[in-house]
Structure formats: C-alpha cells, structure tokens
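Biologist: I would like to take a close look at one part of this protein with you, and I would be glad of a careful, connected explanation that a first-year student can follow.

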Amino acid sequence: YGALEQLFGDPVTTSATGSPQRVTEVPVNMIIVTADEIRRSGARDIPGVLRHVPGVDFLQWQADDADVSIRGYNQAYAARVLVLIDGRQVYADYYGLIPWSSLPVELNAIRQIEIVKGPNAALFGLNAVGGTINIITYNPRYDDLRTISLRAGTQGLAEISGVATFKVGSASAIRLSAGYRTDADFATTIPAPMLSTVRGTNDRLSVDGDGVFAITDTIEFDLEASHTHARVNEITPAYTTTDSSYQTNSIGARVLADTSIGLIKLKAYTNWIDYTGAPNDPTIIYSLNNRMSAVQLEDAFNPASDHTLRFALSYRNSTVNTIPVPGGRLSYDVLSASGMWSWHVAPAVSFTNALRIDHLTFHRSGYVPADYPFANSSWDRTSDEISFNSGLVWTVGSADVLRAIASRGVQLPNLVEAGALLVDMPPYLWVSGTPYLKPTSVNNYEVTWDHALSDVDAKLQIAAFHQDTQNIVAIAGNVVPWPTSIYATPANIGASTADGVEFTANGQLNPLWHWSVGYRLEAVHDKFVPLASGGVDYTDFEHTTPKHLVKVNVGWSSDPWEADAFISYQSASRGLVPSYIVGTALVPVGSYANLDARLAYRLADWATVSLSGENLLAARQRQTSGPDVERQLFLTLTLEGW
C-alpha cells in the first residue's frame, strides 16, 4: 500500500477489483479514512473514528456501546454493515451484530479504513447490505511500526496500547499488538422501560499477532492469531440493558502467490465468540458459543491489458448452541461461487460487474421440548441467493468522474432469530426462533459525480441513491398458537425503501489548514404487515432514521502543533423503548449538534501529547432513546519509533 500511495499520490485500495485503484476510480461509492486521519480524529476506538465520516450513522448508547450503520437503518445491534479486518469477517453471526469492543485490532495498527456505501455482497460476501467497513492493518513485512499509547480521561478511563514489528531475516516479519482499557459508564439515568440489569465496569483486553513470511520471491505466507476479552454495558435489540461479556479467539492463515495464471489467494480462518449476558431478564443468563470457519480460494488475473478477472470459491460454516434452554445446536453451511470482470472500455471508461451465488443449508440437532411446534427436521432447508454489483465509471476530462451503480446484497437471518433462542416463560408463553425466515435482500441504485476544484485545491461529490429492502426480519413478528403454549417468533414483516442525496466536499485552504463537510438528506418509508406495525415488532426505520445529517471537520497544523474540530448535526427523529404493554413504543429524540476536538503537541520526533474530547457542547446530551451521553475528555501520550 505504501508504494502504491507514493505512485498514485492518493489513498489506494485493492478491495473492489483486486487491482490497485485510486478511490476516485473504484466502481463503488467508497471513502478511505487514512492512518493520519485516524490519528487526528482523537478517537479512542473504531466507532469514534467512524462517527466523523459523512454518510455514517452513529448511535452512542453508553460509554463503550455504539451502533454504526451506513445510510440510515441504524438500531440497537445494527446488522446491515459487514465489517472485515484484512478481509476476515468480524461480523458476529449469532446475533448479526458488530461487537466493537471485542475487535482484535489497535488503532495504531490500522493503515486505513475503507467505508463502502450500499450493498456489496458480490464483492465482499453475505451481510454486506447497507455497506462494508474494511479495516486494513499495516503489513509487518513492509511497514516497520513501533508505537505505545498511554491514555487517561473522564469516566475513569485508563488505557495502554502498543504495536511492535520484528523483522525475521530480510523478507519476513512479525507484528505484535496488545491493549488494555478500563472505564466506568455514563452516570446518566437509564430510562425506566430500558432498565434490566445494573451497570458494571467496562474493560477490554486485546492481543494480536500477525506474521508475514516470504517463502519465495513470488509466494507469501501470512499467519494471524488474536484473543480479546471485553465486558461492556449494552442496549439489546429488545431495547433493554445488559451487562455483556465477550471472549473471542481467532486464527487464520493466507497464502498469496503471484503465478503465471494470476494472483492466487488461499485464505482460511476460524473465529470463536463466547458471549454471556442477561439481555431481557436478569434472572436468565444467556451463554452463547458461536464458531465460524471459512475457506476461500481466489484468482485475479489480466487476460488482456484492458480486462481484469477475479474468480473465487468459498465455504463457510457457523454454529451456535440454543439459549437459555440448552441441549440444541443450530448451524448453517454456505457454499459460494463468485466472479468479477472489470473492463476498461476506453481510456476514460471502465465497466465492472460482479456476481455471487450462495447455496445456504441450515441444520438443527439435539434437544427439542416435548410440545415444541418444530422438529429438528424443520430446519433442513436450503436456498440459493444471488448478489451482484455493477459499476460504470466515466472520467470526464481531468476534473470530473461520473458513476452509475446498481447492486443487490443478501443478509442472512442471524442464528438467534433462526432458532437458537428458546425461552420458557411459564405458564404458557415461549419465545423461540423459527426455521421459516427468508433472507433479507437490498437493491441499490445510485449515481455519483466527483468534481475536482483545482483552483481552490478541493474535491466534491454529489450522490443520489434509491434503496429497496425486502423481507425485513423483526425479532417479534409472529405468534404460533400451540395446544399447550403460545410461541412468539421472529418473522419477515415486509419491505422498506430509502431515497437520499449526499453531498461531500474536502480540501486544503493552504498548507496549514484542511477542511471537509458532508450532508445527507434521506427519506425512509416502511411497508410492514399489520401485525408488525406500530412498533410492536421492535423494528422501525422510517421514524428512527434522521432526515438530515451534517458532518464538518476543520483542521490546522503547524509543527509542533495540531488542532482538529469535528462538528455534527442530526435532525429530530424518534427512538424505540420497550412498551409497558407489549413490544416497543416510539419516543421523540430532538435535533442536536455536538463537537469533538483534538489538540496535540509534538514533544519530540518520537513523542506526542494530545488532549481530545467528545460531546463537548454539553455536560449531558440526549442523542438516542437511551441514557443521555456525557462529555468525555482524554489525555494521550504517544511514543513512536522506540
């Protein structure tokens, strides 16, 4: 990446087509957040970085609990965004969420974060329906990194993080990174309908090792292993509080070979997630053990100078136990085939098409209650899902780039919704998953215009998009009467459409000042079945997605000083809370503006001290239907090159 950035003079990605491209050339709507922008954000975690990105929706429930989405549709345990670290999924299949505190990566180890807007399942895999966040870390073979950060702040925050690279011979290296953080949650009152468990102390421990070894001049082997422990207070999809504990482990290997038949990648990894919490009732402990394994073989090659082809075969298995009634196990297997063709029709025109077919098979085994309305064989179901991405890019002169994009993505029902949940609520009610859920699909159509304003050293983009979502799943959308009990199950409740316009611009005023601004106007319309209307299904996108979202950044640097300010505005919307009668109710969330900022001083070439803060405009501020957020301040000492 470093060599390509120097060659092109811009951030570079290989994610979209397998070949290096400037972000202005890719056939998708992508924003790249560079390592320098991550550092200057003042954030202490990945959600804190993403909250400043135009078009990204951010819900901060508690000090270490946030949900991130792209182009609206953001609710508790947001499930529409696929998150990858160096191509490895960290999306948790068991509940379709991103457990941000348990991601095994330190901020100082990240080279760039690629945010791709819209469905991209054909390029990146299942569940990339709202967008994709691809986190790219530094490659220890090419990047010599040695950094330690010490941080302290309000809410009792104490944190240490370190990254170090060790060379092995002349062409191999190992990177080790680790971090520990502890803090207290916000002291603001949790709304009474949400209060289920009492807050505890948050903490996070992460250890990661990545070794890249040159086998020959054209073959590279990568071995990575990680472990995290995180305890965090969360807001669940039922909009109740829970004190959650995560233990995650992962191991993966990759072989990269530059051959006469193309660039071949063979990748395999396994993720283990052990979750413990009491999401709805503090007397019922949920203990989930989710294992996901994946293998992928890919070949990217150029049969002619104007054509790039990429073909891939992959297999994925995910399995989890039933909770809180034990004894059962639910799993699915996915066998996938995908292909991508990028054609430079003319020097200024490229046309990229990707197609993916996923063959999905569900299974259930183990204990079944005597009066259960489903048998294990009820889960013996298969389906074939098709995803596609198509992008036409036209470079008009030296200042303008036009894109026309069409895409379709598929989101699988999470394992809890699909049958892992089995709760006995005497005397007659059971809450259960169901084998009859259909995958959710999202179709997206958009046009974008990029324009370079060379006279003022600025760039702007205008994008208009339309999204159509079918077979939306709600956690409580159906009732199954049974002779001895009533079973409440998830259900496909209908469709939703979104229409929006995004404007982003950024530039340099002079060598000392930089700026950016983003604005999104979006209207969402839900079309749910009558049983699921009125919020009783814990799902409402139409009223919870703000129509107006504004993000502004102004930065200044003059050695040894740096200063950055991030202003955001969100128009009035509504939020979900549990209803005292049944399901959920909508409560107003007024419009608000907030300010994040960072001021840094470089003590020496190897030491920088910075003061940063979030939610600085008020000591307490209502931003969601959950507890008010508090002002946060952090003091950070960073040592580099030791």
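Which residues are linked with D36 in a network of salt bridges? Please start there, and then go on to the other charged pairs and to the nonpolar parts.

Modeller: The model is a predicted one, and that should be kept in mind throughout. In the network you ask about, D36 is linked with R39, E562 and R598 through salt bridges. The structure holds 30 salt bridges, and a few of the others deserve a slower look. As general background, side chains of opposite charge can pair when their charged atoms come close.

Take R520 and D57, whose side chains meet in a salt bridge with a distance of 2.6 Å from N to O. Because R520 belongs to strand β29 and D57 to strand β4, this pair ties together parts that are 463 residues apart in sequence. R520 counts as buried, since its relative accessibility is 1%, and D57 is buried as well, with a relative accessible area of 5%.

A second salt bridge is formed by the side chains of R111 and D143, at 2.8 Å from N to O. Here R111 lies in strand β8 while D143 sits in the loop between β9 and β10 (146-153), so the pair ties together parts that are 32 residues apart in sequence. R111 is buried at a relative accessible area of 9%, and D143, at 17% relative accessibility, also counts as buried, because the cut-off for buried is under 20%.

In a third salt bridge the side chains of D210 and R175 meet at 3.8 Å, again from N to O. D210 is found in strand β13 (residues 202-214) and R175 in strand β12 (residues 172-183), so parts that are 35 residues apart in sequence are tied together by the pair. Both of these residues, D210 and R175, are buried.

D299, placed in strand β17 (residues 286-304), makes a useful contrast to these pairs. D299 is buried yet has no salt bridge, and the nearest side chain of opposite charge, that of R310, is 9.7 Å away. Leaving out residues up to four places away in sequence, D299 touches I261, G262, L263, I264, L309, R310 and F311.

Let us now turn to the nonpolar residues. In soluble globular proteins, nonpolar side chains tend to be buried together. The largest nonpolar core of this model has 42 residues, and I46, I113 and I133 are those with the most contacts inside it. Among the elements that each supply at least two residues of this core are α3 (46-50), β4 (56-62), β8 (110-117) and β9 (131-137), while its largest share, five residues, comes from β6. If neighbours within four places in sequence are left aside, I46 is in contact with W100, L103, V105, L107, I110, I113 and I135. Apart from this core lies another one, of 36 residues, which includes Y77, V320, L415 and A420.

On the surface, finally, there is a nonpolar patch formed by W394, L402, W449, I462, V501, F503, Y519 and L521, which together have about 660 Å² of accessible area. The elements giving two or more residues to this patch are β28 (486-510) and β29 (513-528). W394, one of the patch residues, lies in strand β22 (residues 382-396) and counts as partly exposed because its relative accessibility is 44%. T382 also has its place in strand β22, but T382 counts as exposed, since its relative accessibility is 55%.

Terms used. Residues are numbered from 1 along each chain as its sequence is written. This is a predicted model: local features need pLDDT of at least 70, side-chain atom pairs count only at pLDDT 80 or more; totals for chains, interfaces and linings use all residues. Side-chain values use heavy atoms; hydrogens and water are left out. A nonpolar core is a set of buried Ala, Val, Leu, Ile, Met, Phe, Trp, Tyr and Cys residues joined through side-chain atoms within 4.5 Å. Buried means under 20% relative accessible area, exposed over 50%, partly exposed in between (1.4 Å probe, protein chains only). Helices (H or I, at least four residues) and strands (E, at least two) are DSSP runs, numbered from the N terminus. Contact means heavy atoms within 4.5 Å. Patches are made of residues with over 30% relative accessible area and no salt bridge: like charges are joined within 9 Å, nonpolar side chains (Val, Leu, Ile, Met, Phe, Trp, Tyr) within 5 Å. Accessible areas come from the Shrake-Rupley method with a 1.4 Å probe; for residues, only the protein chains shown count as cover. A salt bridge is a side-chain nitrogen of Lys or Arg within 4 Å of a carboxyl oxygen of Asp or Glu. Lys and Arg count as positive and Asp and Glu as negative; His and the chain ends are not counted.
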